[in-house]
Amino acid sequence: MSKKTFSIISLGCFRNTYDSEVVAKRFLDKGYTFKKDTPSHCLIINTCGFISSAKEESLSAIRQALDLKRKKKVKEVFVFGCLVARYKKDLEKFFPGVDQWWGVERFGSPFSKRAKLTPSFIDFLKICEGCLNNCSYCVIPFIKGGFRSKPQEDVLREVKFLDKRGVRELNIIGQDITSWGRDLGQSRPTQLLKNILKQVNNIKWVRLLYTHPKALEDSLIDLIASEPRICKYIDLPIQHINDRILKMMNRKVTAELIVRLIKKIRKRIPGVVLRTSVIVGFPSETEKEFSQLLAFLKETKFDRLGAFIFSREEGTAAYNFDKQVHHSTKMRRYRELMNLQKEISLSANSRLIGKKLDVLVEEKDNNIFVGRTQYDAPEIDGAVFLKRKDLNIGDFYRAKIIDAYEYDLVGE
């Protein structure tokens, strides 16, 4: 009798990928065989329920999975993750064909109980789960619960294992990694990172995703500046720059603090790449306040930027805020902001022409190898295209940048 097979569709962020690998290991331990694509006996979907567009993508994936089940290309459909944590009862009514539902993975599973779904030379290390910030627009506390740090001994054990396994790029992830340790009575993310680096012999890049502006300590900035293995890449989500909006968002920062912090980072870490995220169309956002955000982005010139259209989510404080912005206005503001960022990004990339940078090669497409510099996070940022015949996937190469596009680079 042949073994049962399973495949996984993992939607959403890096943290979901991590959870999908925990689930994959569980199924392997039950005797299943992993298949990258369908048809398979069991199709597992890890959903995202963060904002409207993510929910729509998850619902579409469930519908497609059930269509495969009707066509007998899969026998069972299992669905878990953030969307299920929020809407399990409703989902059960709409999709009776799903064989099993469960919510988010409980944080704290031993690191050894993960099966790699991403390339072996890239990995993620989740050091915390949940959130303590309670931003007025965010559903994370309802989905993931309160903030929990992974104990330092577990973190270091996992790092040591990943380093020996041949990981070259380690991405340290969590809803707010700069708050690591607060619930343990030892809020020392800088010291944790120093201890992580002591375990590292083979890992060349250590990347931090994400850092909250209110909690980014001077000591951590100085460590990023001085340690060559830490990517000179800081993801600093500001969400807005108008003080009234920031207060309504419950971000616990002011425009003055954000400006001062960015200046400090750029002064102490020459050549640093800054990524941020912003929200357009927050309830009661005026044209003047949106223009203030645009002007700030034009002046500050973030190298990387993700923009989100405000999504009115049930259960959040912002759901009931007055003066909800019309959808067409939100879309116009979003387009205007992204057009500005395209110009900024092209200008930032163009400054790299003629420079020699280390590139981690990730894949080959025909005669073109595709990789990334330390200034680009996996899956969300740009790529470097290299025309060569003899490069090894998972290795680093020194490349001279010869051309630049809005989001990508060309090297030789």
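This report walks through a predicted model of one protein chain, from its overall build down to a few single residues.

**The whole chain**

Let's start with the big picture. The protein chain contains eleven helices and 18 strands. Its radius of gyration is 22 Å, close to the 22 Å that the globule rule gives for 412 residues, so the chain is as compact as a globular protein of that length. If you lay the C-alpha trace along its principal axes, it spans about 65 × 55 × 45 Å.

How much of the chain is tucked away? Of the 412 residues, 55% count as buried. The accessible surface comes to about 18900 Å², and carbon and sulfur atoms account for 51% of that. The contacts also reach a long way along the sequence: among those between residues at least 6 apart, 75% join residues at least 24 apart.

**A look at helix 3**

Helix 3 covers residues 82–94. At 1.5 Å a residue, its 13 residues should span 18 Å, and the end C-alpha atoms are 17 Å apart, which agrees. There is also a bend of about 90° in helix 3, at Lys88.

Which residues of helix 3 are buried? They are Cys82, Leu83, Val84, Arg86, Tyr87 and Leu91. These buried residues pack against several other elements, including helix 1 (14–29), helix 2 (52–70) and strand 4 (74–81). Strand 3 (40–47), strand 5 (100–102) and helix 4 (140–144) are partners of theirs too.

**Leu209, a buried residue**

Now for a single residue. Leu209 sits in strand 10, which runs over residues 205–209. Is Leu209 buried or exposed? With a relative accessible area of 0%, Leu209 is buried, because the cut-off for that is under 20%. Leaving aside residues up to four places away in sequence, Leu209 touches Phe14, Asn171, Ile172, Ile173, Gly174, Ile177, Tyr233, Asp235 and Ala377. Lys150 is 59 residues from Leu209 in sequence, and their C-alpha atoms are 16 Å apart in space.

**Cysteines without bridges**

How many disulfides does the structure hold? Zero. Here are two of the cysteines, each with its closest cysteine sulfur:

| Cysteine | Closest cysteine sulfur | Relative accessible area |
|---|---|---|
| Cys13 | Cys48, 6.3 Å | 24%, partly exposed |
| Cys128 | Cys131, 8.6 Å | 0%, buried |

Why does Cys13 form no bond with Cys48? Their sulfurs are 6.3 Å apart, which is too far, because a disulfide needs sulfur atoms within 2.5 Å. The 8.6 Å between the sulfurs of Cys128 and Cys131 is too far for a bond as well.

Key. Residues numbered from 1 in each chain as written. Predicted model: local features only at pLDDT ≥ 70, side-chain atom pairs only at ≥ 80, totals over all residues. Heavy atoms only, no water. Helix = DSSP H or I, 4+ residues; strand = E, 2+ residues; numbered from the N terminus. Buried < 20%, exposed > 50% of the residue type's maximum accessible area, 1.4 Å probe, protein only. Contact = heavy atoms within 4.5 Å. Expected span 1.5 Å × (residues − 1). Bend = angle between axes of the 7 residues up to and from the residue. Rg over C-alpha atoms; globule rule 2.2 N^0.38 Å. Areas by Shrake-Rupley, 256 points an atom, 1.4 Å probe, with all protein chains shown as cover.
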